[in-house]
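Biologist: I have a model open and want to learn how to read it. Can we go through it feature by feature?

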Amino acid sequence: MTVPYRFEQTAMAAEVAARWGHLSAGEESGDAVAVAGRVMLARPQGRLAFAELRDSSGAVQLFALASATKDFDEFARLRLGDWVGARGEVVRTKRGELSVKVGEWVLLAEARRPFGDKWRGVTDVETRYRQREVDLWANPQSRTRLLMRSQLVRRMRERLWDRGFVEVETPILHPIPGGAHAHPFVTRHRALDADFYLRIAPELYLKRLVVGGFERVFEIGRLFRNEGLSPRHNPEFTTLELYQAYADYEDMMALVEELVADLALDLCGSTSISYQGRPLDLAPRWRRATMAELVEEATGLPLSVHTPRDELARAAGDLGVPVEPGWGSGKLLLEVYEKTAEPSLWEPVFVRDYPAEVSPLARRHRSDPELTERFEAVVAGRELANAFSELTDPDDQRTRFEEQAAQHEAGDEEAMVVDAEYLRALEHGLPPTGGLGIGIDRLAMLFADATNIREVITFPTMRPERLHGGDPEPAPGADPGSSEGD
RNA sequence: GCGCCUCUAGCUCAACGGCAGAGCAACGGACUCUUAAUCCGCAGGUUCGGGGUUCAAAUCCCCGGAGGCGCACCA
């Protein structure tokens, strides 16, 4: 069966419903349309046949009569999943279903593989993730989530453009992995005979653009971290990073709460949303609290980066937080915070003033050099954003890099190394700058009420499928003698 | 990496030591207004793979595979 190279569609299913919805049962409009889509239900009935045709806008019924429909017998044999284009008059059937009364029609694609249970669909999670094309048809929620994510990114872009930010693209192949504390993927460039790392953060390149005179830049793109998979972690994930010259982390807090609240309005219709059955109010102004304050709230202990290291280590041990010998007070405080305070946070909080020890790219706090002007936005107990007043001083940056490099030498493979290229850029002058990163996947999970990151990633990372000889298993019912290819 | 759970027809699931089943899909047929159409008929299986226990294994045990959840990792 040959299929045409194109089909002239004149109306979407939703348009048919909107324009001819007024027809009463048994009424014929006299208007002809051409619709196209996938057969989701088929009800052949002797000299009559009905089919539900679904396109990206919705569904419309096809109504065929042996006396009026070309190739009626073939039409009555259409299978679930077949793609069809049909031309005919818009009518409402006697039983009240708005329909296209099919005159001519054409098969646009045959579904050789069965489409799953027509009522219960496909629920096997592996099939849903590995064969998303099947999931998207079988489960409307999957389609909705993907659309929601698309809208999220679109509205985010629009709101940033409105604020004067310029969207840029920076390299994904990095000669030195930097900008985050993470294991990179390594790859090899043959002609250059050099290793490259898939980026773990775009941060350093973006700040170089600020040095270059782009006072407000952002990038929405994929990051790659060579880590374990979990319901909240995918090896490749999407972030927004933005930099704003002349701004500090207080400005970034205002930006985050306004942006997230606006997006909630756009996507959920309200800043009061519900996540996993619990109400969550995203309206500004969000609570601001220092890490030390939250630790004291959670533990009752007045701990800070100035607590003597031994005392902090003992307190951590008492709280059941594992301690490693190389950790200073800053790392210890962070660990205690993450284990005791963070999980119990629900309403949005800006957790501010992170220890300098664990924030090598953030500027020291204006009132305490052991701290930085850094915050994380925690919503529903999860990190949603990370931001700081950027470290602009090349000398301090070199010092921080060297501290990181020492940790790297000491065995922390995720610690940074000295990035001379970046230091050279800073020496050309980076003005005071506020920087911000937001995990798009996490944000999408929040708005989609999803607990698994794979629900908001179209094709999540999976262990490679082993399909023999590179071919999938044969389609059930396919004639083994006539399969294409070899 | 560790722990728990899961894997049965194309899909969704039952059978839980005693003949592998149902609904839907498919296939053949009936039906001129269906709505998960209905009715009749037919077919569909390496019960994830391998090994073991047993008169008898989808079921119990061991090894392996795939997946889920949790933990660890993830500033």
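Biologist: Which residues surround RNA strand B most closely?

Modeller: A residue is near a strand if one of its heavy atoms lies within 4 Å of it. Here 50 residues surround RNA strand B. The closest are Arg95, His233, Glu338, Asn452 and Arg454. Keep in mind that this is a predicted model: local features need pLDDT of at least 70, side-chain atom pairs need 80 or more, and totals for chains, interfaces and linings use all residues. Residues are numbered from 1 along each chain as its sequence is written, chains are lettered from A and ligands numbered from 1 in written order, and side-chain values use heavy atoms, leaving out hydrogens and water.

Biologist: What classes of residue make up the surface near RNA strand B?

Modeller: Ala, Val, Leu, Ile, Met, Phe, Trp, Tyr, Cys and Pro count as nonpolar, Asp, Glu, Lys and Arg as charged, and the others, Gly among them, as polar. This surface has 21 charged, 18 nonpolar and 11 polar residues. On the RNA side, 58% of the strand B atoms within 4 Å of the protein belong to sugar or phosphate, the rest to bases.

Biologist: Which side chains have polar atoms by a sugar or linking oxygen of RNA strand B?

Modeller: For a polar contact, look for a pair of N or O atoms within 3.5 Å; within protein, one must be able to donate a hydrogen and the other to accept it, and residues adjacent in sequence count only if both atoms are side-chain atoms. Such oxygens of RNA strand B lie 2.9 Å from Glu227, 3.0 Å from Arg374 and 3.2 Å from Glu126.

Biologist: Is Arg199 buried or exposed?

Modeller: Buried means under 20% relative accessible area, exposed over 50%, partly exposed in between (1.4 Å probe, protein chains only). Arg199 has 2% relative accessibility, so it counts as buried. Its side chain makes a polar contact of 2.8 Å with that of Glu219.

Biologist: How many residues does the largest nonpolar core have?

Modeller: A nonpolar core is a set of buried Ala, Val, Leu, Ile, Met, Phe, Trp, Tyr and Cys residues joined through side-chain atoms within 4.5 Å. The largest has 47 residues. Leu240, Leu282, Leu443, Leu446 and Phe447 have the most contacts inside it.

Biologist: What is the average pLDDT of chain A?

Modeller: pLDDT is the predictor's confidence in each residue, from 0 to 100. Chain A averages 90, and 95% of the residues score at least 70. Over residues 468–473 the pLDDT is below 50. Residues 476–486 also stay under 50. Where pLDDT is low, do not read the predicted coordinates in detail.

Notes:
Contact = heavy atoms within 4.5 Å.
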